[in-house]
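Please look over the model shown here together with its sequence. The report is meant to be read beside both.

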Amino acid sequence: MRPSGRILLRSSSSALALIWAALIFSRGVFAEISTGTATLLLDGARLYVPLTLVQAGGARRTRLAFVDLGAPSMTVSQGLLKQLASDRQDSVTFFLGRLPLHVPRSVISGDDDLPYSLANGAQVQAVLPAAVLQNYQVVLDYGHRALTLARPGTLKLKGDAIPAEVNPATGLIAIHIAIAGRTYAATIDTGSAYTWLQQRAVRPWVAEHPDWQRGVGAVGASNMRMADDGLEASGTLLRLPELQLGSLRLHDVGALGVGSSTPIGDFIDWYSKKNPEPVVGFLGANVLQQFRLSLDYARRMTYWQRERDPTGHD
């Protein structure tokens, strides 16, 4: 999910899926480069990474990108988009560390919400979305502030293995979680600072376990959009005693139950349209940052290595 309070409605099409399916890796000088690692910047529990853009003529410029597994398409600032258009190239090459990422120019669009500034004054010029990341093995190491991408089959990934489903049109990836004895699909969303769950799933939990509810109205990290459409103001703050991910059991998990937003109706129903299946919500940074998380899109598998215990004060 985007850090901006503005909701952007973007549709995915079969044409876009075909473009991404046709994405190929470069040959020649880059043929032997199979991995790249870059330092992650954390701001508001969200992840940002430097990407180096190769322009026509070979000039290179580094731009900061928001790493958003909840975004279905690559967007850039209008200024950067004009720059890409002036290069007149069909494919744009960004480097993450030493690894070249080749993105068809036709799937990159401009976003009026970009650029925006982080707390340290850095300017965010682009969104690195799930649609791009699904072409790689992805290792998100929150503890060591590192993002590694590798060509499929390059890395031997470690951790508790949990199967996943992927929507190839958007790149969004979902796993199954268990809450209150029931199993649900949930998205892995690095673009969200907090875990959000569908209000209609939350209501029966709270009816049976009133002590799970800690308040009404989003506060702190759960108030990540800070929009005035009533979605966060009416949300149910929760403290789940247990959330199960495969063989992993997470305790005292904070979450926000959300219902309808004025422009789009039920928020999670809208969000589910980008996913491989209907989801109950998404796992945000308050859960993800406990792990070194590895995603193997080609094999539809995720790997979870716990790096720290939850604080219970998120």
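What follows covers confidence, overall make-up, two strands and their neighbours, a cavity and the salt bridges.

## Basis and confidence

Residues are numbered from 1 along each chain as its sequence is written, and side-chain values use heavy atoms, with hydrogens and water left out. This is a predicted model, in which local features need pLDDT of at least 70 and side-chain atom pairs count only at pLDDT 80 or more, while totals for chains, interfaces and linings use all residues.

The pLDDT, the predictor's confidence in each residue on a scale from 0 to 100, averages 89 over the protein, and 89% of the residues score at least 70. Two stretches are weaker. Over residues 5-14 pLDDT stays under 50, and the model has 24 contacts beyond four places in sequence for this stretch; a contact means heavy atoms within 4.5 Å. Residues 17-29 also stay under 50, again with 24 contacts beyond four places in sequence. Where pLDDT is low, the predicted coordinates should not be read in detail.

## Overall make-up

The protein has 6 helices and 25 strands. These are DSSP runs numbered from the N terminus, with helices (H or I) of at least four residues and strands (E) of at least two. Of the 314 residues, 56% are buried. Buried means under 20% relative accessible area, exposed means over 50%, and partly exposed lies in between, using a 1.4 Å probe and protein chains only. Among contacts with a separation of 6 or more, 69% are between residues 24 or more positions apart.

## Strand S6 and the cavity

Strand S6 (residues 91-96) is largely enclosed by the rest of the structure, because 5 of its 6 residues are buried. Two strands pair if DSSP finds at least two bridges between them. S6 runs antiparallel to strand S3 (residues 46-54), joined by 3 bridges, and Val54 stands opposite Thr93 in S6. S6 also pairs in the antiparallel sense with strand S7 (residues 99-104), over 6 bridges. Here Ser91 stands opposite Pro104 in S7. The hairpin of S6 and S7 has 2 residues between the strands, and Gly97 takes a positive phi near 60°.

Val54 appears again in the lining of a cavity. A cavity is a set of points on a 1 Å grid over the protein atoms alone where a 1.4 Å probe fits but cannot get out, and lining residues have an atom within 4 Å of a point. Grid points are joined across faces, edges and corners, and a volume is the space filled by probe spheres set on the points. The whole structure holds 2 cavities of 30 Å³ or more. The second largest has about 30 Å³ of space and is lined by Leu53, Val54, Leu84, Asp87, Gln89 and Val92. S3 and helix H2 (78-87) are the elements that give two or more residues to this lining.

## Strand S19

Strand S19 (residues 236-245) is also largely enclosed by the rest of the structure, because 7 of its 10 residues are buried. S19 pairs in the antiparallel sense with strand S15 (residues 173-179) over 2 bridges, where Ile177 stands opposite Leu245. Strand S18 (residues 213-216) pairs with S19 in the antiparallel sense over 3 bridges, and the bridge partner of Val216 is Thr236. With strand S20 (residues 248-258), S19 has 9 bridges, also antiparallel; Leu237 stands opposite Leu256 in S20. S19 and S20 form a hairpin with 2 residues between them, and Gly246 in the turn has a positive phi of about 55°.

## Salt bridges

A salt bridge is a side-chain nitrogen of Lys or Arg within 4 Å of a carboxyl oxygen of Asp or Glu. The whole structure has 5, and the table lists three of them.

| Acid | Base | Closest N and O atoms |
|---|---|---|
| Asp141 | Arg292 | 3.4 Å |
| Asp266 | Arg200 | 3.4 Å |
| Glu242 | Arg249 | 2.8 Å |

Glu242 is partly exposed at 30% relative accessible area, and Arg249 is partly exposed at 44%. Salt bridges that share partners join Arg200, Asp266 and Asp269 into one network.

How do the accessibilities of Asp141 and Arg292 compare, buried or partly exposed? Asp141 is buried, at 9% relative accessible area, whereas Arg292 is partly exposed, at 26%. Asp266 is buried at 17%, and Arg200 is partly exposed at 48%.

Methods: 1 Å grid on protein atoms, 1.4 Å probe; cavity = no way out; pocket = protein on both sides within 12 Å on 5 of 7 lines; lining within 4 Å.
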